[in-house]
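Here is a short briefing on one protein model. Keep the sequence and the 3D view open while you read.

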Amino acid sequence: MPALQSRRSASMARLALLAAPALVAALLSACQGDQTVAPRPDLSAGNGPAGNNGTVRVTPASDTLNALNQTVQLTANVAATWSSLTPTIAAVDASGLVTAVSPGLGLIQALAKNHKADTAQVLVRQIVASVRVVPDSIALSFFSDTLTAVVADSNAYPIANALVAWASDATAVATVSNGVVTPVDTGTTTIRATADDVTGTARVDVVAAPYP
């Protein structure tokens with residue numbers, strides 16, 4: 001009996017050794033079959049760089065307007081609501097069209113549905129486009145008279161506090177200082193008002209005073 005049991009034990013050990021590689025292979029195959037595949041990122045319109053969850057970008061990021069009521073069109077890479085953070089300087093409509101209101105630095109914001117936003121800077125200034133002297137002609141005898149220089153941008157909006165240089169073509173006939181014209185002798189002269197190299201003129205006639 002002990003010899004028979006010993007032979008049976010040896011046979012079972014050999015069978016276990018033969019079956020071990022097949023069992024390991026089966027376990028490996030099962031493990032590989034249960035591997036989880038990572039989901040691919042969703043790059044659909046709502047999640048991509050130009051979607052509702054993407055970064056907002058305003059184009060152009062900055063611009064300059066050289067006259068009041070001048071406009072510039074801004075665009076955003078996503079659907080956005082436009083607003084002006086400085087409405088007294090620059091206004092914006094629902095399409096992103098910016099209009100100059102007064103000189104200064106305007107800030108225009110585009111706000112997306114995901115509450116992300118971008119801001120563009122719009123510098124509003126008034127460049128001198130015309131100088132008009134009012135009135136454009138006067139006649140003097142004894143007394144001085146005053147001329148006014150109206151300085152305006154390209155959209156004809158007056159430029160407040162513009163620096164104006166006054167000059168007379170014939171100082172022997174009349175002189176001028178800050179727009180005040182003083183007669184010197186009979187004759188005709190041209191008074192010039194200049195702002196940023198733009199000049200307006202007025203004719204001044206100095207006539208002899210009538211005798212009483």
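Serine 62 counts as partly exposed, because its relative accessibility is 49% and the partly exposed class ends at 50%. The residue sits in strand β2, which covers residues 62-65. Its C-alpha lies 9.0 Å from that of threonine 119, although 57 residues separate serine 62 and threonine 119 in sequence. The model is a predicted one.

**Overall make-up**

- The protein has one helix and 18 strands.
- Of its 212 residues, 27% are buried.
- The accessible surface is about 13500 Å². Carbon and sulfur atoms account for 58% of that surface.
- Take the contacts between residues at least 6 apart in sequence: 48% of them join residues at least 24 apart.

**A buried position: isoleucine 108**

- Isoleucine 108 belongs to strand β8, residues 104-112.
- Its relative accessible area is 0%, so isoleucine 108 is buried.
- What does isoleucine 108 touch, leaving aside residues up to four places away in sequence? The partners include Leu74, Trp82, Ala90, Val92 and Val98. Asp118, Thr119, Ala120 and Val122 are also among them.
- Alanine 91 is 17 residues from isoleucine 108 along the chain. The two C-alpha atoms are 8.1 Å apart.

**The three-strand sheet**

- Three strands make an open sheet in the order β3-β7-β6, and the pairing is antiparallel.
- β3 (71-73) and β6 (90-92) are the edges. Each has a single partner strand, so one side of each lacks a neighbour in the sheet.
- From one strand to the next, the twist averages 25°.
- Three bridges pair β3 with β7 (residues 97-100) in the antiparallel sense.
- Valine 72 faces valine 98 of β7 across this pairing.
- Valine 98 also appears among the residues that isoleucine 108 touches.

**The four-strand sheet**

- A second open sheet has four strands, ordered β11-β18-β17-β14, with mixed pairing.
- β11 (137-140) and β14 (165-168) are its edge strands, and each pairs on one side only.
- Neighbouring strands here are turned by 25° against each other on average, direction ignored.
- β11 and β18 (residues 198-206) run parallel and are joined by four bridges.
- Which residue of β18 is the bridge partner of isoleucine 138? That partner is valine 204.

**Strand β16 and its partners**

- β16 spans residues 180-183. Val181 and Pro183 form its covered face, whereas Val180 and Thr182 form the uncovered one.
- β15 (residues 174-177) runs antiparallel to β16, with four bridges between them.
- Valine 176 stands opposite valine 181 in β16.
- β15 and β16 make a hairpin with two residues in between. One turn residue, asparagine 178, has a positive phi of about 55°.
- β12 (residues 145-146) is also antiparallel to β16, with two bridges.
- Aspartate 145 has valine 181 of β16 as its bridge partner.

**Salt bridges**

- How many salt bridges does a search of the whole structure find? The search finds two.
- One is between the side chains of aspartate 169 and arginine 192, at 2.9 Å from N to O.
- Aspartate 169 lies in the loop between β14 and β15, and arginine 192 lies in β17 (residues 187-195). The pair therefore ties together parts that are 23 residues apart in sequence.
- Aspartate 169 is partly exposed at 46% relative accessibility. Arginine 192 is partly exposed too, at 34% relative accessible area.
- Aspartate 205 and arginine 203 form a salt bridge with their closest N and O atoms 3.0 Å apart.
- Arginine 203 counts as partly exposed, with 46% relative accessibility.

**Aromatic pair**

- A search of the whole structure turns up one aromatic pair.
- Phenylalanine 142 and phenylalanine 143 have ring centres 6.5 Å apart and ring planes at 70°, so the pair is edge-to-face.
- Are phenylalanine 142 and phenylalanine 143 buried or exposed? Phenylalanine 142 is exposed, and phenylalanine 143 is exposed as well.

Methods: Residues numbered from 1 in each chain as written. Predicted model: local features only at pLDDT ≥ 70, side-chain atom pairs only at ≥ 80, totals over all residues. Heavy atoms only, no water. Pairing = 2+ DSSP bridges. Axes fitted to C-alpha atoms, helices over the stretch in contact; angles between N-to-C directions. Buried < 20%, exposed > 50% of the residue type's maximum accessible area, 1.4 Å probe, protein only. Contact = heavy atoms within 4.5 Å. Areas by Shrake-Rupley, 256 points an atom, 1.4 Å probe, with all protein chains shown as cover. Phe/Tyr/Trp six-rings, centres within 6.5 Å; stacked < 30°, edge-to-face > 60°. Salt bridge = Lys/Arg side-chain N within 4 Å of Asp/Glu carboxyl O.
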